[in-house]
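Good morning, colleagues. I would ask you to look at the structure on the screen while I take you through several of its features.

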Amino acid sequence: MASSSLFFSHPLPCPSPARYFSSAKKNLISSIRCSSASTQRQELFNRIAPVYDNLNDLLSLGQHRVWKRMAISWSGARKGDCVLDICCGSGDLTFLLSDKIGSQGKVTGLDFSSEQLSVAAHRQGLLEKPCYQNIVWVEGDALFLPFPDNYFDAITVGFGLRNIVDRRKAMSEMLRVLKPGSKASILDFNKSTQPLTTSVQEWMIENVVVPAANSYGLAKEYKYLKSSIRDFLTGKELEELSLEVGFSCAKHYEIGGGLMGNLVATR
């Protein structure tokens with residue numbers, strides 16, 4: 001992690017992403033629409049938005065906050081940078097990025113769920129840190145990022161790549177909008193190659209995650225987790241995909257006892 005600064009030169013001022021939508025209202029969520037994202041998944045995340053943060057805290061015993069801080073550190077984001085949080089949800093990683101880059105930087109949180117973005121914008125309005133005013137929220141598609149080439153100094157994705165219908169295209173889009181030498185830090189469930197870890201993970205989903213979600217009336221919505229992890233890529237496969245689309249190097253780190261993973265891909 002300490003070597004991350006080697007991949008960055010002094011950041012230059014970047015144009016504001018706000019040109020892609022009206023900025024007449026504070027914390028305005030843009031009207032950019034997802035042209036190819038899964039409608040079913042979009043509707044799912046809209047439904048769970050009101051309790052998403054509470055469930056994350058409950059199901060991870062608060063550990064998701066530690067993992068997210070690790071993802072921010074691996075991103076290499078620095079003071080004054082222009083950064084992007086894809087699949088930002090209710091904004092946890094976005095706010096951490098804002099803390100990292102400070103008031104002189106620019107943060108864009110992008111998601112295809114308007115309800116999640118509404119929660120994020122509401123949280124922004126309640127929080128009083130001056131640096132949080134550097135955040136804009138964009139409703140958009142990770143497969144067709146509405147930004148120019150070589151635009152961002154760092155990208156984060158938290159528990160989102162697994163839910164994108166075309167991961168290769170999503171990785172290619174990240175590569176396109178990143179500046180040379182910059183990093184994408186991608187946190188998600190780990191698809192382990194170890195049978196014991198997989199068994200523990202599936203047991204927790206069936207006996208902890210789904211029952212907890214059921215208390216919110218969302219058992220059906222969270223049952224998808226098991227199959228989504230099974231259909232995801234292993235750490236090695238994520239590294240290989242990153243290199244195939246053009247990243248210069250990629251390293252996947254297993255964290256949380258092997259239940260979670262973080263891919264760091266450098267353009």
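Which residues of H7 are buried? Please bear in mind throughout that this is a predicted model. In H7, the buried residues are Thr197, Gln201, Ile205, Val209, Val210, Ala212 and Ala213. The helix itself covers residues 195–214, which makes 20 residues. From its first C-alpha to its last, H7 reaches 27 Å, close to the 28 Å expected at 1.5 Å a residue. Ile205, one of the buried residues just listed, is also the centre of a kink in H7 of about 35 degrees.

Let me turn to the nonpolar interior. The largest nonpolar core holds 36 residues, and Val83 and Trp137 are the members that touch the most others. Helix H4, residues 92–101, supplies the largest share of this core, namely five residues. There is also a second, separate core of 31 residues; among its members are Leu84, Leu161, Val177 and Leu241.

Next, the aromatic rings. A pair of aromatic rings is described by the distance of the centres and the angle of the planes. How many aromatic pairs are there? The count comes to seven. In one aromatic pair, Tyr151 and Phe152 meet edge-to-face, with 4.7 Å from centre to centre and 80 degrees between the planes. Both Tyr151 and Phe152 are buried. Trp137, which I mentioned in connection with the largest core, belongs to a cluster in which ring pairs link it with Phe95 and Tyr132.

Rings also meet charge in this model. The charged end of Lys169 sits over the ring of Phe144, at 4.2 Å from the ring's centre. Lys251, for its part, lies over the face of Tyr253, 6.0 Å from the ring centre.

I shall close with two individual residues. Ser75 lies in helix H3, which spans residues 63–75. Is Ser75 buried or exposed? Its relative accessible area is 0%, and therefore Ser75 counts as buried. A polar atom of the Ser75 side chain lies 2.6 Å from the backbone oxygen of Ile72.

The other residue is Phe189, in strand E5, residues 178–189. Why does Phe189 count as buried? The reason is its relative accessibility of 17%, since buried means under 20%. Phe189 and Leu259 are 70 residues apart in sequence, yet their C-alpha atoms are 6.2 Å apart in space.

Thank you for your attention.

Conventions:
Residues are numbered from 1 along each chain as its sequence is written. Side-chain values use heavy atoms; hydrogens and water are left out. Rings of Phe, Tyr and Trp (its six-membered ring) pair if their centres lie within 6.5 Å; planes under 30 degrees apart count as stacked, over 60 as edge-to-face and the rest as tilted. Buried means under 20% relative accessible area, exposed over 50%, partly exposed in between (1.4 Å probe, protein chains only). A charge sits over a ring if NZ of Lys or CZ of Arg is within 6 Å of the ring centre and within 35 degrees of the ring normal. Helices (H or I, at least four residues) and strands (E, at least two) are DSSP runs, numbered from the N terminus. The expected span of a helix is 1.5 Å times one less than its number of residues. The bend at a residue is the angle between axes fitted to the seven residues ending there and the seven starting there. A nonpolar core is a set of buried Ala, Val, Leu, Ile, Met, Phe, Trp, Tyr and Cys residues joined through side-chain atoms within 4.5 Å. A polar contact is a pair of N or O atoms within 3.5 Å; within protein, one must be able to donate a hydrogen and the other to accept it, and residues adjacent in sequence count only if both atoms are side-chain atoms.
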